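Work through the exercises below with the sequence and the structure at hand. Each task is followed by a solution in steps.

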Amino acid sequence: MYPSIKNMPWGGNMHIQLKMEGVLQKRLPDNAGCYHVDEGSTVLELIHALGLTPEDVVLVFVGDRPACLETPLVAGKTVSFYPMLCGG
Amino acid sequence: MPYGYNGKILHVDFTSGSYTIEQPEEKWYRTYLGGGLMASYYMLKEMAADTDPLSADNVLCFVAGVLNGTPLSGFNRLTVAAKSPLTGCFGESEAGGYIAPELKFAGFDAVICKGRAAKPVYLWIHDGEVEIRDAGALWGKDNAATRDALVQELEDSKIRVASIGQAGENLSPIACIINELAHVNGRCGLGAVMGSKNLKALVCRGTAPEPAYAEPEKIKEISKWHRKRISSHMPNVNLGKNGTPMHLMAQQNAGILPTHNWKEGVFDSAEDVGLPAYEKILTGRHTCYKCSVACKRVVKLPDDIIKDERYGGPEYETMGSFGPMCGVKDLETIVKAHQRCNAWGFDTISAGATIAFAQELFEEGILTKEDTDGRVVKFGDSEGVLWLLEQMVKNEGIGALLAQGSARAAKIIGRGAEKFVCTIKGQEPGQHDPRGKTSLSLGFALSPTGGDHIECPHEVAFTGEAVSLVKPLGVTTAPKPLDMGTAKVSYFKKGQLTWAMNNALGICNFVVAPLFALSYEKLVQVINAVTGWNVSLYELLMAAERSLVMARIFNEREGFGARDDVLFPRLHESIPEGPAAGNVIAKEAFSHSVKLYYSMMGWDEQGSPTPAKLSELGIDWIIQ
């Protein structure tokens, strides 16, 4: 199987940065500093492209704001992922 | 009468079979809000130091909050508080469900119980009327049978019932109180306090209109906003979809899943008892009063001596305590243990952890077949776990010891058993290992109730940019999960206040900031719409601090102090393997952090709140 074009340095038409906290850090791709996605992609699509599931993350930030699964990604912004590791 | 309240506190004396109704001033309500804060007022005022927790003199409080009964999601928590028979400390436990709003609708903001009835009774509160009724026919029944009998006797299917099972009747210090069969005031053994008063159940029903609110339209507007946000806010979406069972694999993946009586942080059968397996038995979702999060689960039940869908499916804490802690590799056994605990009225955290403790004693040769009727009791023995639970509810053999909780059982067993006790102030903590999120070490040690995992929002979600979520609390530096320095202590202090605030208001932690849907700004707005008070977040956090300090003073009065603000030894050892291998709570750093916390709280070096602090919080009456 060929890798998704979105994950290749030349794929997608906009780039973002990725940041992962805690146990998710080991899932950070090598090209996290300049990760290409299609314009209009959502947080959910990014989660899947990274091989994660929504159950792996408790929270995602796009830039400095908490995002929903449907939140569109923004060119140049950092997307931060927080692992599901809370309590109650 | 203040908006949002009934303005009535019910005081019941079960010894004389009488009751009185107190009508406090608005200023008092604004000072003591509700929940554990209001309970601590009565526990300090009306209970002498050194009171035996199972005596008639213990003060048992059922307290609703100012927001209970409003239509917002998650505003439904009932606090039960008394001196704990498990710890000897301030005992407090919260539960969702339906009975706190119903208590408000029935005409009261809280019920304060003293004395002991000569024979089993239940307390029936309906539309402002109060009756102490005979419960002779209910004594000995499990919780579902109790509820069914009450519905039949009162000829009303809409009653709300908080009851005890056989564990509470037997005065087990790990007995819980359950409302509507699936919502549990589990911690601190408060079911035994009900049992000691011969009180089988609190039953409420109200048909009168809700208490009046200052701005009803504003409440509706915020409720609508809140529900919309819950439907898209990631933490709430995940919680609704997967419930708390999703936490088991999360802890496993991080290497901090308490396993085999806290010996390890990974469990080789985690997937067999975690979310992947849970999805196969899930049949539905359930919720609390007017809550759109719906984190409760309904599951397909295996055939067993207890099989009642109304008890619901196990939550994460139950899955952890009966699964990895006991080495149980099948979800079916965990579901059975959950059903039995809810029916018989055991706290699942303490019950599972105490069984895990017994399993380790057996493997260490401290317990032998002579102690266990010839049975081998070891980690991973599913049938053995269920057998031990049965022994516990029958109060027979080894079960009679284990029904006392692990710390007391160890003292009775002797032979070096105390070395394997994993409790804090005598209470088995929830299934969260502080060696992967160190604020938990402070929460476990500094909670006035002992071993509490719900003391401060777990910091993992507030690192990096997400520190913005806790900035309204005054947190300026993002906490790091493994840090144990000044920034962590500062984070913990502020986080502890926000969850203490929720307890005083009667709010579920799963609906409100910092992680969940209702922002601090909206929370303050809704409180003011209910009360008309014009409170600030600062005032609410000060009330939360009042709550923590009053509980601390209660514990001091009982002889607890800095020497008790410690962890069990295993947490000062490295996690042996897995993703968190090598993680440890270093003793010296931990002790330093505890002292730093005292200092940040304005307490002296021995952890005692100073007279100046009491004056600042308006509670210097305590020492006058």
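## Exercise 1: A bridge partner in chain B

Task: find the residue of β6(B) that is the bridge partner of V12(B).

Solution. The partner of V12(B) in β6(B) is C113(B). Note before going on that the model is a predicted one. Next, place the pair in its strands: β1 of chain B covers residues 9–13, and β6 of chain B covers residues 110–114. These two strands run parallel and are joined by five bridges.

## Exercise 2: The sheet around that pair

Task: give the strand order of the open sheet in chain B, and state which strands stand at its edges.

Solution. Step one is the order: the six strands follow β2-β1-β6-β3-β4-β5, and their pairing is mixed. Step two concerns the edges. β2 (18–22) and β5 (90–95) of chain B each have a single partner strand, so one side of each has no neighbour in the sheet. Step three is the turn between neighbouring strands, which is 15° on average when direction is ignored.

## Exercise 3: The interface of chain A and chain B

Task: describe the contact between the two chains by residues, by area and by polar pairs.

Solution. Start with the residues: 26 of chain A are in contact with 33 of chain B. Then take the area. The size of an interface is often given as the accessible area lost when the parts come together. For chain A and chain B the buried area is about 2,400 Å², with 66% of it on carbon and sulfur atoms.

Now turn to the charged pairs. The rule finds two salt bridges across the interface. One of them joins the side chains of K19(A) and E465(B), at 3.3 Å from N to O. Residue pairs in polar contact between the chains number 10, counting those with both residues at pLDDT 80 or more.

Last, look at the side of chain A that touches chain B. β3 (57–62) and β5 (78–83) of chain A each supply at least two of its residues. The largest share, five residues, comes from β3(A). By class, this side has 17 nonpolar, four polar and five charged residues.

## Exercise 4: Two backbone details in chain B

Task: locate the cis peptide bond between A513(B) and P514(B), and the positive phi of W262(B).

Solution. The cis bond joining A513(B) and P514(B) has an omega of about 10°. P514(B) lies in the loop between α19 (486–505) and α20 (520–531) of chain B. W262(B), a residue other than glycine, has a phi near 70°. The loop that holds W262(B) runs between α9 (246–254) and α10 (270–273) of chain B.

How values were computed
Residues numbered from 1 in each chain as written. Chains lettered and ligands numbered in written order. Heavy atoms only, no water. Contact = heavy atoms within 4.5 Å. Buried area = accessible area lost by both parts, 1.4 Å probe. Salt bridge = Lys/Arg side-chain N within 4 Å of Asp/Glu carboxyl O. Polar contact = N/O pair within 3.5 Å; in protein donor to acceptor, adjacent residues only side chain to side chain. Helix = DSSP H or I, 4+ residues; strand = E, 2+ residues; numbered from the N terminus. Nonpolar A, V, L, I, M, F, W, Y, C, P; charged D, E, K, R; others polar. Pairing = 2+ DSSP bridges. Axes fitted to C-alpha atoms, helices over the stretch in contact; angles between N-to-C directions.
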